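This report introduces a protein model to a reader who has not met it before. It begins with the terms of strand pairing and then moves through the structure part by part.

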Amino acid sequence: MLDNSAKPLVSVRDLKMHFPINAGFLRRRVGEVRAVDGVTFDVIEGETLGLVGESGCGKSTCGRAVLRLYDITSGQIMIDGRDIGSVKQRDLRTMRPIMQMVFQDPQASLNSRMTVEAIIREPLDEHTTLSVAEKHEKVGELMDAVGLNRRFAKRYPHAFSGGQRQRIGIARALALNPKFIVCDEPIAALDVSIQAQVVNLLEDLQEQFGLTYLFISHDLSMVRHIATRVAVMYLGKIVELAPREAIYAAPLHPYTQALLSAVPDPDPEMAAAKQRIVLQGDVPSPAHPPDGCNFCTRCPQVMDICRKIDPEYREVQPGRWAACHLHNDMSPAEVADEINAAQTAG
């Protein structure tokens, strides 16, 4: 999936996160929500992988599952050479310092009863043996790094703006010198005027500390600014992954094409010339995905094989991965054989 010379810090293989559906008086399991359904990707050390898709596609669940905030259904997660997919939660404690998360809503993710200093210091209390004076100095250094005045250390989160609260969350995530940070829509709850400041801060910190990001967002314009490569999710699966410029210049998957056609263009002439792809119908339920390709019910280029066979996620061009029958190499006879086999199996 990667160039042989590139070193992946994070490798995810066939990750599944299914949530049970219980019903009836005895609360028997009657189904499952396939929030993440067979996701595979690598994050190269030092890069930012953007993970995009519409609301409900499984982006945030995928990010949390990669950090093992959930006990995953199946799959393999390698972080810094260690397989954490099947490790028990209590045994993950030693791995927590190298992998951290910046949450979407800074108001909800910060303890309103703790001061800023206590919030940032908490990881140091749990995972280090630093003295009180050393912790105090470390908190001050972290506040400096994220652009917060040290004089505010004794204040509570409600005294800060949304952008400042997100900086507190970033400082907390940096406290243990992590290698990998999942940024779960870190700008979604912020004013537009503040979003660019937070993204620029994340870029500066990445350069300063050598961080690796999984940047989850539905804002395609912001992802284009910060990401090295971009992965597109739809209904629990990655449908396309490619370098940033390639995916924005010439998307391969019909869903990616539809997403990018909706991005506003600041040039009036370019905006007038852009052809908008409007998808029909609603996103299927992750509890009852369609047969074949998950996107077949809304795809403007759907074929018969799409409704029968789930396309293989594979490298269709050097460095470009997609799960779409439009980019397979089968002959018409082979396609017919695949459809017949699927119908017979069904």
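Two strands are said to pair if DSSP finds at least two bridges between them. By that rule strand 4 and strand 5 pair, since two bridges join them, and these two strands run antiparallel. The model described here is predicted.

**Overall form**

The protein holds eleven helices and twelve strands. For 346 residues, a compact globule would be expected to have a radius of gyration near 20 Å, and the 22 Å of this protein agrees with that. The C-alpha trace spans about 75 × 60 × 50 Å along its principal axes. Of the 346 residues, 48% count as buried. Among contacts between residues at least 6 apart in sequence, 63% join residues at least 24 apart.

**The antiparallel sheet**

Strand 4 and strand 5 belong to an open sheet of four strands in the order 2-1-4-5, with antiparallel pairing. Its edge strands are strand 2 (28-44) and strand 5, each of which pairs on one side only. Between strand 4 and strand 5, Met-78 stands opposite Asp-83 of strand 5. The loop that links strand 4 (74-79) to strand 5 (82-83) contains Gly-81. Gly-81 is exposed because its relative accessible area is 65%, where exposed means over 50%. Its C-alpha atom is separated by 32 Å from that of Ala-188, which is 107 residues away along the chain. Helix 1 (residues 59-66) lies across strand 1 (8-23), strand 2 and strand 4, and runs at about 115° to strand 1.

**Strand 7 and its neighbours**

Strand 7 (residues 180-184) is mostly covered, as five of its five residues are buried. In a regular strand the side chains alternate between the two faces of the sheet. In strand 7, Phe-180, Val-182 and Asp-184 point one way, while Ile-181 and Cys-183 point the other way. Strand 7 pairs with strand 6 and also with strand 8, as the table sets out.

| Strand paired with strand 7 | Sense | Bridges | Residues standing opposite |
|---|---|---|---|
| Strand 6 (residues 99-102) | parallel | four | Met-99 and Phe-180 |
| Strand 8 (residues 212-217) | parallel | five | Ile-181 and Tyr-213 |

Helix 6 (residues 192-209) joins strand 7 and strand 8 in a right-handed β-α-β unit.

**Ser-217**

Ser-217 is found in strand 8. Is this residue, Ser-217, buried or exposed? Ser-217 is buried because its relative accessible area is 3%, and the limit for buried is under 20%. The side chain of Ser-217 reaches the backbone nitrogen of Asp-219 at 2.9 Å. With its neighbours within four places in sequence left aside, Ser-217 is in contact with Leu-51, Val-52, Gly-53, Lys-59, Glu-185 and Val-223.

**Helix 9**

Why is helix 9 (residues 254-261) largely enclosed by the rest of the structure? Seven of its eight residues are buried, so the helix is largely enclosed. The buried residues are Pro-254, Tyr-255, Thr-256, Ala-258, Leu-259, Leu-260 and Ser-261. In helix 9 the buried residues pack against two helices, helix 7 (220-226) and helix 8 (244-249), and against two strands, strand 9 (229-234) and strand 10 (237-243).

Note on methods. Residues are numbered from 1 along each chain as its sequence is written. This is a predicted model: local features need pLDDT of at least 70, side-chain atom pairs count only at pLDDT 80 or more; totals for chains, interfaces and linings use all residues. Side-chain values use heavy atoms; hydrogens and water are left out. Buried means under 20% relative accessible area, exposed over 50%, partly exposed in between (1.4 Å probe, protein chains only). A crossover is right-handed if, with the strands pointing away from the viewer, the path from the first strand over the helix to the second runs clockwise. A polar contact is a pair of N or O atoms within 3.5 Å; within protein, one must be able to donate a hydrogen and the other to accept it, and residues adjacent in sequence count only if both atoms are side-chain atoms. Contact means heavy atoms within 4.5 Å. Axes are lines fitted to C-alpha atoms, for helices over the stretch in contact, and angles run from 0 to 180 degrees between N-to-C directions. The radius of gyration is taken over C-alpha atoms; the globule rule is 2.2 Å times the number of residues to the power 0.38.
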